[in-house]
Amino acid sequence: MSDPMAGLPPRFLRTPEAARYLGLSGRTLEKHRTYGTGPTYRKIGGRVVYALDDLKTWADRGTKTSTADPGQGTVLPAKKHPGLIPYAGKERRAARTGRA
């Protein structure tokens, strides 16, 4: 019996492959994860993986037709932004341990 998944593209990509798909460096994608500005990801067995649909959805937020087009949203740069509480940021760790 043949494998029904044979010949299909992978559904999930690890960080290096996801970064290549988006045209970013792996380090930039890691920074997006840290600051909470990147695409949705999953942790499976301690490994970070990205669904192709999530990568496309995140990239599509930056779709514009001209410089005057406000578009549907903004893909933020991979840096700290006021008002965003990153998943692995100091604010969350400090709140959990009770230390600043």
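Helices are taken here as DSSP runs of at least four residues and strands as runs of at least two, both numbered from the N terminus. In this predicted model, helix α1, which spans residues 15–22, lies across β1 and β3 and runs at about 105 degrees to β1.

The strands themselves form an open sheet of 3 strands in the order β1-β3-β2, and the pairing is antiparallel. The edge strands of this sheet are β1, residues 12–14, and β2, residues 42–44, each of which pairs on one side only. Neighbouring strands are turned against each other by 45 degrees on average, when direction is ignored. In general, the strands of a sheet pair through backbone hydrogen bonds, in either a parallel or an antiparallel arrangement. Between β2 and β3, the latter covering residues 47–51, the antiparallel pairing extends over 3 bridges, and within this region I44 stands opposite R47 of β3.

The count of salt bridges comes to 3. One of them joins D54 to R42, with the closest N and O atoms 2.6 Å apart; because D54 lies in helix α3 (residues 52–60) and R42 in strand β2, this pair ties together parts that are 12 residues apart in sequence. Since buried means under 20% relative accessible area, D54 counts as buried at 19%, whereas R42, at 33%, counts as partly exposed.

The salt bridge between D60 and K56, whose closest N and O atoms are 2.9 Å apart, is set within helix α3, where the two residues are 4 positions apart and therefore separated by about one helical turn. Both residues are partly exposed, D60 with a relative accessibility of 33% and K56 with 45%. A salt bridge also links E30 and R27, with 3.4 Å between the closest N and O atoms; these residues are 3 apart in helix α2 (residues 26–35), so about one helical turn separates them. Here E30 is partly exposed at 30% relative accessibility, while R27 is exposed, with a relative accessible area of 51%.

Aromatic contacts were also examined, and the count comes to 1 aromatic pair. This pair is formed by Y41 and Y50 in a tilted arrangement, with 6.1 Å from centre to centre and 55 degrees between the planes. The two partners are not alike in their surroundings, for Y50 is buried, with a relative accessible area of 0%, whereas Y41 counts as partly exposed at 25%. In addition, R33 lies over the face of Y41, at 5.6 Å from the ring centre.

Methods: Residues numbered from 1 in each chain as written. Predicted model: local features only at pLDDT ≥ 70, side-chain atom pairs only at ≥ 80, totals over all residues. Heavy atoms only, no water. Phe/Tyr/Trp six-rings, centres within 6.5 Å; stacked < 30°, edge-to-face > 60°. Buried < 20%, exposed > 50% of the residue type's maximum accessible area, 1.4 Å probe, protein only. Lys NZ or Arg CZ within 6 Å of the ring centre and 35° of its normal. Pairing = 2+ DSSP bridges. Axes fitted to C-alpha atoms, helices over the stretch in contact; angles between N-to-C directions. Contact = heavy atoms within 4.5 Å. Salt bridge = Lys/Arg side-chain N within 4 Å of Asp/Glu carboxyl O.
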